[in-house]
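Here's a quick briefing on where this model has empty space inside and how its nonpolar residues pack. Have a look at the structure first.

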Amino acid sequence: MSYSHRIYSGGFRIWFKVVLSYFVIFASITAPLPAQEQGSQEEAQTVRLGDIGRIEGVRENQLIGFGLVTGLQGEGDSPRSEVSKKMLANFFSAFQSQIETDAIQSKNSAAVVVSAEVPSFIRPGQRIDVEVSSLLDARNIDGGVLLQTNLQAANGQVYAVAQGRVEGARPASGKSTIGRILEGAIVEEPVLSRFDTNEGVALLLDRADFSTVIKARDALRQALPDYKIRALDAAKIEILPGEEAQYDSVELSALVESVEIVPDNPATVVINRYSGVVVMGQNVRVAPVLISFDQGELSIGADRFKGEAESEGSVEINRTARVKDLVEVLKTAGLKVDDIIEVLRTLERAGALYGTVETM
């Protein structure tokens, strides 16, 4: 949606110098939100159900272990780190070599936490990536070698063994206390998921939404006429074989994942306070509203509010504007991320933003 703006003497740079304490918001909450923007047609995009949901029972599993990274050239744990020295002593004892912890003064090794996520249906011999992070006071683990480390699940069983050279996150300083090893762990035990029963399978949406789950149910009924399909709640759909269905759990799951729908996009604005990235759905709109601050004002609505005189530094955006348009105006005006966040949050509190604002 295009927007028009009028700028009088001073321009954006002067009149949009915001003092947030001066915000006064007059929101027309009762104004109806049009189903679609005038003069604009958003092309509907279809997505696979497999991209917005998963078959119930198909899940990842988390693994964790504690290990040692060596070869850190004096940037590992300090000699006062008792945990690191005990781990080194245990390492030597495993090879029939005894060493007293007090005799360990090296700073070339570091105690670390090793974690991984194991996908479903993985078998022994396959490899997975692992994340490595310093546990104590090491200054850098980039380039070090992780010694053989058992990775276990919450039940205490070891499912994988990790080892290899650590690739650090490489921040600006060139040092890193976190890193990863690509394909650094070998799976030792299978991780299988039970996803089917004699009564069929179930689909779980990643984001619960009643409108989307009904669309998915209707699309599945059309694609699988021989199955009994019902939505149990806003996130779960049950697919049961009918009397005429030739039931095969793997084939059925593949068919379910391949069905396409047009999901409802949540009216949500997500702002990363640190990077300044603003992500918003196309459905997020702002109601007719007047924002007054310092010596300027921003009016959203095709017609100015009756009785309100135009002032210097005023800007106008068309009725029920998109949040995208509003953010563009505010950025052009030179507002900082924190100021834009405060504007959006204040609009939300006033009931003039049709959606929710989330800050990361």
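Searching the whole structure turns up two cavities of 30 Å³ or more; a cavity here is a set of points on a 1 Å grid over the protein atoms alone where a 1.4 Å probe fits but cannot get out. This is a predicted model, with local features needing pLDDT of at least 70 and side-chain atom pairs pLDDT 80 or more, while totals for chains, interfaces and linings use all residues. Residues are numbered from 1 along each chain as its sequence is written, and side-chain values use heavy atoms, leaving out hydrogens and water.

**Second largest cavity**
- The second largest cavity holds about 30 Å³ of space, a volume being the space filled by probe spheres set on the points.
- Its lining (residues with an atom within 4 Å of a point) includes Asp 77, Lys 85 and Ile 104.
- The lining residues split into three nonpolar, three polar and two charged.

**Nonpolar cores**
- The largest nonpolar core (buried Ala, Val, Leu, Ile, Met, Phe, Trp, Tyr and Cys joined through side-chain atoms within 4.5 Å) has 25 residues, and Leu 63 and Ile 128 are among those with the most contacts inside it.
- β5 (110–118) is one of the elements giving two or more residues to this core, and it supplies the largest share, five residues.
- Another core, of 21 residues, lies apart from that one and includes Leu 203 and Ile 229.

**Helix α6**
- In α6 (residues 323–332), the buried residues (under 20% relative accessible area, 1.4 Å probe, protein chains only) include Val 323, Asp 325 and Leu 330.
- Gly 334, just after α6, takes a positive phi of about 90°.

Definitions and conventions. On a 1 Å grid over the protein atoms alone, a cavity is a set of points where a 1.4 Å probe fits but cannot get out, and a pocket is an open set with protein on both sides within 12 Å along at least five of seven lines; lining residues have an atom within 4 Å of a point. Ala, Val, Leu, Ile, Met, Phe, Trp, Tyr, Cys and Pro count as nonpolar, Asp, Glu, Lys and Arg as charged, and the others, Gly among them, as polar. Buried means under 20% relative accessible area, exposed over 50%, partly exposed in between (1.4 Å probe, protein chains only). Helices (H or I, at least four residues) and strands (E, at least two) are DSSP runs, numbered from the N terminus.
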